[in-house]
Every structure is written in C-alpha cells, then in structure tokens.
Amino acid sequence: MRCAVERLGGVMGGKFLTNTIPVLLGLLGVAITNLPFSIFGSWIPSPMYALMPIYFWCLVRPDLMSPGWAFAIGVIHDVLSGGPPGIWAASFVATYAVIDRQRDAFAGLSGWGAILGFATAALAACTAQYLIYCIYMWRLMPVSGSIKEFAVTSVLYIPVAFLLAWIHHRFVGPLRSEI
Amino acid sequence: MGNGTWRISRSRGGAHLPLVIVAALAVALILIGKAQSSLFDRARAGIVDWMRPALVATRTPMEALNRWVGSVGEIFVVYQENLRLKEENARLRQWHNTALVLQDRIKRYQLLLHAVPDPSISSSVARVIGRASHPFLQTMILDAGTADGIKPGQAVVDQRGMIGRVFLTGQRTSWVILLTDLNSRIPVSIEPNTDQAIMAGDNSPMPVIETLARGVQLHEGDQVVTSGDGDILPAGIPIGVIVADGPRYRVNLFADQTTAQDVQILDFKQPPEHPPAVSPGELPVTAAGLPPAVAQTNQGLPPPQLQPVAPKPVYKPPSVAPPVQPAPGTADDNSDSVPDNGDR
C-alpha cells in the first residue's frame, strides 16, 4: 500500500491528494457533527469531531494543517450548523494558536498524556466558543452545554486518535514534509 | 496517542504570521455577520443547496446504521413492546371513535352558529438531512426549499407536535430553528383557560414559559398549544404540557426533535387581518369639533380612505298630540271637581 501511495505521489499527483487528507478529515468531521443522528441520544451536544484532525496534524504535520485550513474548516462548520458566522472559525483559530504556542509540550506527550493534551485543546475551543457567544449575544450564556461538549469530545478522542494515527502512518506519514 | 514518537516537521515560527491574519479574518467575519446577517444567510443557503446531494448521500448509510444499531437493542424487548403496542392500539381505537363523534358534533354546532371555518392549512413533507446540536445552537436542515413552496416562518411539526419553525430557505434546502434554541420565541396559549404567554428556548430539553400574566396559576399537565398571535403560526398546534420548575414553568415537548427524521411543514394561508377603515366621525379631531387636517401626501403615503358614513341619527322625541284647549266653562267645572286641599 505504501509503495502504491508513493508511486501515486510521483506519477499522478497523488501527493497532493495525500496532503489533503488532514483537511478532508476535518471536513468529514464537520459533516459528521452536523448529521441528523446522534449516538449519544437526545441531549448531549455533538462532539467537535473537526477539532480532532486539526489538533492531530497541527502537532505532527503543521504544514498540512495550517491556520488557514483551520479557519476554512471553521467557516464550513459555521455554514452547516446554521449559527452566527465566524464563531466556529474563531474558536478553531484560537485553539490553533494555543496548540501552536505549546506545540513542544503537546508533542512530547504520549498515551494518556496525549489524551490530556487534546482535552486541553478541547477546553480552549469550548472556552473560546463560550466567550465569543457571550460577547456576540451580549449576555451570560448557560455553561452546562459547553461542559458536556468538552467532556464528550475529550472521551471520543481516545478511539479517534487510533484511527488518525493509523491514517497518518499509512498514508500521510510516508510523504514527509520538505520544509 | 503516540504524538511524541513523531518528529515535528516544521518549526513553530513559520506559522505565526498567517495565524494573525486568519485571526483577524475570523473577527472580521463575526463583525460582518453581525452587521449584515442577510448577506451571510444568502451565501449559506447557496452553499448548502450545492452541498445537498452530499448531505443526502451521507444521510442514507448513517440512517441505515442507526436503524441497525437501534434494531439490535430492540430485539431484546420486542415481546414486551408488542404487548404494549396492542394495548395502546386498543385505547387509540376508542379515542378515534370518540374523536369522530366529537368532530361531527363540532361541525353541527358550527353550522348552527354560522361560525367562521378554520383557515386552510396545507403541508409539505420533508426529510431532515442535517442537525446541529451544539451548546448554543439547535437547528435542522430540511431537503425542501423555495422550489417546494417553503417560506420562512412556517411551522415544522412531526406526528406528535411542533418542532420549530423555518427561518431560512434556499432553493432546495431550508433551516429550522428548534423550539429549544436560545433564539426561539413562540406565542402560546395554555389550556384550559387559554392563558397567553411566550415560550422561550434556552437550549435545555424543556423551553421556559415567559411573560405570563401576573397572578396566573398554571398546573402540571396543562396543555400548551400555539396561540396564533401575529398570524405567523396557525393556532392550536400541540406543543407540550406544563411542568413546574421551581418558581418557573417549563414545557415538556410532545415531539422529540432530536430523533425526528421526516417532518411536515405547515403552510398557513390565513390572509393578514386588516383593521377596519376609520370613519370621519371616529377621528379624535372631528369628534372634538375641529376641522380635519389636510392629508399629508408628500411623505409617500396615500391619503386614508374614508368610508362614506350616513349622518348620525338625531334623537327626536316621539310626536305628542297638541294639548286640547278646554272649552269655556269646562275649566271651572274641572276646578270644582278637583278638591283643592290648600284652599279649603
């Protein structure tokens, strides 16, 4: 498979396709978040699936997940969710800034530490979203929904991280960045 | 997981400049969206119309998976569920017969009273192809838009009750703001006393009853329906029942908006009610005996259309026959006949 990917990269522009995998997974996360089904039942907010590839590739391949892509994924999230424009985009960009500043600390984590690292990023995203909404609506919003969203996103990162790691090793990892 | 095992491909400094730029872009987007929300709404409708096939395609396998996962759990309770459904079916048949009898009776009463018939309500059925369940947002995307006759403001219901109302329409898609959303405000009527109130969403499963008249006491189980105020929604759509929550009242919704997959969009066709035209006699200026002001047509407003009014009826006392002049000599007779106690 790896040889096939490398061959594709050399011959048919497959490298470009491979490089778009992180962004495509971010967009897939947006789509899954806004699907009309929930595996968590009625009143638990949808997890922030889109944040997972942003966090993952911001750490391991920031050239494939630039701030611009995080912003674009956030804008698509705003469009699909039907909410006020720019709020998800600003939340993802703020989270990206946190990850970017603490990249050395986050990248050194492994195992449960990596989960805690993601939980920190999810906390930053939820906090940014909460503050932006409070300013946007100009009132104090209920905080319980944000806590639930943070909790369910952090827990779900455990299985998703294995999937992202597999995809990275299998497809994205072989084509190293030239920067 | 395993983040520490991979080499970091790029130094941190390179990403700083674009981060500042996209942060500024994000802030600008929020400000523009706040100032010109219609601009963003049009763009949103166009993008989602374009994405509709992808959303429908994504929905199909997920729906199958959801149904399969659900059916696995239901295998273990299918016998009990069957018994419960049989019992419920028997009860519903009784109610069905009762409803038919009552419906006929209401029709007879309406004929007797020459009652105004209810406004006609047609509906369209649409599928839910997207749902946002976020801490500050509860919306749905439906696969029907202006091409199907959907308009903003229309009520969205499922077989149990109201779910929300359409707030944005594209060519083939439309957005629904759910009753539980923070921005949802619906005028409601609470049975049996038809107490008027506003039901407001707060992103919790049960919306809050607001602006209830002072002194009104509600009871748990009172039914909440749409009031129809403002001619936006039809009156009488069932919403839920009252539940006490400390000093406040909440509404336990009939419809489960998080599991609804196929919904009805009600087209409320009642024409807007205009107040009757004002007659000159009813104008306060005329009533005060002052001359009427000249119509100000220079503001682009047409002069008010006054109805010709018949002159006010003047009270006339009933005609009385003129008093008959007594014949000479008769008065003396009369005076004699009437005893005058003062003189005598």
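Here are a few friendly notes on this predicted model, covering confidence, the contact between chains A and B, and the barrel of chain B.

1. Let me begin with the overall scores. The model comes with an ipTM of 0.83 and a pTM of 0.67. For chain B the average pLDDT is 76, and 71% of the residues reach at least 70.

2. Two stretches of chain B deserve some caution when you look at them. Residues 295–301 of chain B have pLDDT below 50, and this stretch makes three contacts beyond near neighbours in sequence. Residues 323–344 of chain B also stay under 50, with two contacts beyond four places in sequence.

3. Now to where the chains meet. Chain A gives 55 residues to the contact and chain B gives 48 residues. On the side of chain A that touches chain B, the elements giving two or more residues include helix 4 (51–60), helix 5 (67–81), helix 8 (112–137) and helix 9 (144–172) of chain A. Helix 6 of chain A supplies the largest share of that side, seven residues. By type, the residues of this side of chain A are 33 nonpolar, 16 polar and six charged.

4. In chain B, do have a look at the barrel. Six strands form a closed barrel in the order 1-2-5-4-3-12, with antiparallel pairing. From one strand to the next, the twist averages 40°.

5. One pairing in that barrel is worth following residue by residue. Strand 1 (residues 121–134) and strand 12 (residues 262–268) of chain B run antiparallel and are joined by seven bridges. Within chain B, B:Ser124 sits opposite B:Ile265 of strand 12.

Note on methods
Residues are numbered from 1 along each chain as its sequence is written. Chains are lettered from A and ligands numbered from 1 in the order in which they are written. This is a predicted model: local features need pLDDT of at least 70, side-chain atom pairs count only at pLDDT 80 or more; totals for chains, interfaces and linings use all residues. Two residues are in contact if their C-beta atoms, placed from the backbone, lie within 7 Å. Helices (H or I, at least four residues) and strands (E, at least two) are DSSP runs, numbered from the N terminus. Ala, Val, Leu, Ile, Met, Phe, Trp, Tyr, Cys and Pro count as nonpolar, Asp, Glu, Lys and Arg as charged, and the others, Gly among them, as polar. pLDDT is the predictor's confidence in each residue, from 0 to 100. Two strands pair if DSSP finds at least two bridges between them. Axes are lines fitted to C-alpha atoms, for helices over the stretch in contact, and angles run from 0 to 180 degrees between N-to-C directions.
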